[in-house]
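Have a look at the sequence and the 3D view below. We'll take a short walk through them together.

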Amino acid sequence: MSRKELISIIDDSLPQTQCKKCGYEDCMSYANAIVNENASISLCDPGGNNVTKEIADKLKLDETNQLDRDDFKKQLMLAYVEEDECIGCTLCIKACPVSAIIGSNKLMHSVIQDWCTGCELCLKTCPVDCIKMKSSEKIWTKEDAETARKRYKKTKERIYKNSINNHSLMSNVYDNKHEDENIGGDDLNQKNSLIAKILKKARDMRTD
Ligand code: SF4
Ligand code: SF4
Ligand code: SF4
């Protein structure tokens with residue numbers, strides 16, 4: 001079996017909350033570190049003992065010294081926004097790995113409860129501490145993990161696409177500024193108006 005296949009098999013054991021509690025950027029990065037950097041197999045806090053056992057089994061390791069945490073099958077915690085306190089800063093949207101938060105600039109934000117993985121990443125970004133966690137009636141399943149993995153992938157693709165578009169928009173603005181050196185009067189006003197529109201579009205895209 002190739003290392004790439006092994007990483008993928010180990011990633012399949014991870015809960016896909018993308019919470020970074022293992023110290024890595026996401027579940028796949030942790031799986032990669034287990035295979036390529038000899039990282040401990042017991043760093044996934046949400047996964048607990050069940051995930052450690054599963055990985056140990058796949059790698060044919062003795063895991064008995066590493067089972068010191070709760071089991072995987074615990075109730076999922078969900079984030080929610082105290083909406084009266086939300087100032088609409090959009091920071092939580094950028095932090096959410098699975099696009100589970102909706103809202104617009106200066107407007108109230110909400111968590112799509114069915115999409116939330118309970119990763120808690122949004123909590124740390126909120127400047128007014130208006131995101132809280134509550135217990136759900138639900139146990140996090142392998143099916144939930146697979147859905148979260150797909151949402152994370154889509155979120156990353158969207159962020160990448162937006163960054164390319166924003167870069168392209170800003171290049172246009174830069175080019176326009178150079179052309180402005182040779183124009184004046186109404187032409188300059190039209191150019192400035194165009195730049196303002198482009199910047200507004202870039203800002204709107206950043207808050208998508
Ligand atoms: S669920 Fe969180 S702690 Fe576990 S591997 Fe994924 S990112 Fe790391
Ligand atoms: S809403 Fe918050 S806790 Fe839920 S998945 Fe998004 S960042 Fe994580
Ligand atoms: S980070 Fe907090 S204040 Fe800002 S939009 Fe999200 S919930 Fe509202």
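What follows looks at two helices and then at two ligands.

Keep in mind that this is a predicted model. Let's start with helix α1, which covers residues 3-13. Four of its buried residues to look for are Ile 7, Ile 10, Asp 11 and Ser 13. Around the helix axis these residues take up an arc of only 145 degrees, so they sit on the same side of α1.

Now move along to helix α3, made of the twelve residues 48-59. How far apart are its end C-alpha atoms? They are 17 Å apart, and because each residue should add 1.5 Å, a span of 16 Å is expected, which agrees. Which residues of α3 are buried? They are Gly 48, Asn 49, Val 51, Thr 52, Ile 55 and Ala 56. Look down the axis of α3 and you'll see these buried residues fall within an arc of 165 degrees, so they line one face of the helix.

On to the ligands. Ligand 2 sits in the largest cavity. Its surroundings include the cysteines Cys 96, Cys 116, Cys 119 and Cys 122, along with Ala 79, Pro 97, Val 98, Ile 101, Val 111, Thr 117, Gly 118 and Glu 120. By type, that shell splits into nine nonpolar residues, two polar and one charged.

Ligand 3 has 13 residues around it. The closest of them are Cys 86, Cys 89, Thr 90, Cys 92 and Cys 126. This shell is made up of ten nonpolar and three polar residues, with no charged ones.

Terms used. Residues numbered from 1 in each chain as written. Chains lettered and ligands numbered in written order. Predicted model: local features only at pLDDT ≥ 70, side-chain atom pairs only at ≥ 80, totals over all residues. Heavy atoms only, no water. Near = heavy atom within 4 Å. 1 Å grid on protein atoms, 1.4 Å probe; cavity = no way out; pocket = protein on both sides within 12 Å on 5 of 7 lines; lining within 4 Å. Sits in = over half its atoms within 2 Å of the grid points. Nonpolar A, V, L, I, M, F, W, Y, C, P; charged D, E, K, R; others polar. Helix = DSSP H or I, 4+ residues; strand = E, 2+ residues; numbered from the N terminus. Expected span 1.5 Å × (residues − 1). Buried < 20%, exposed > 50% of the residue type's maximum accessible area, 1.4 Å probe, protein only. Arc of directions from axis to C-beta.
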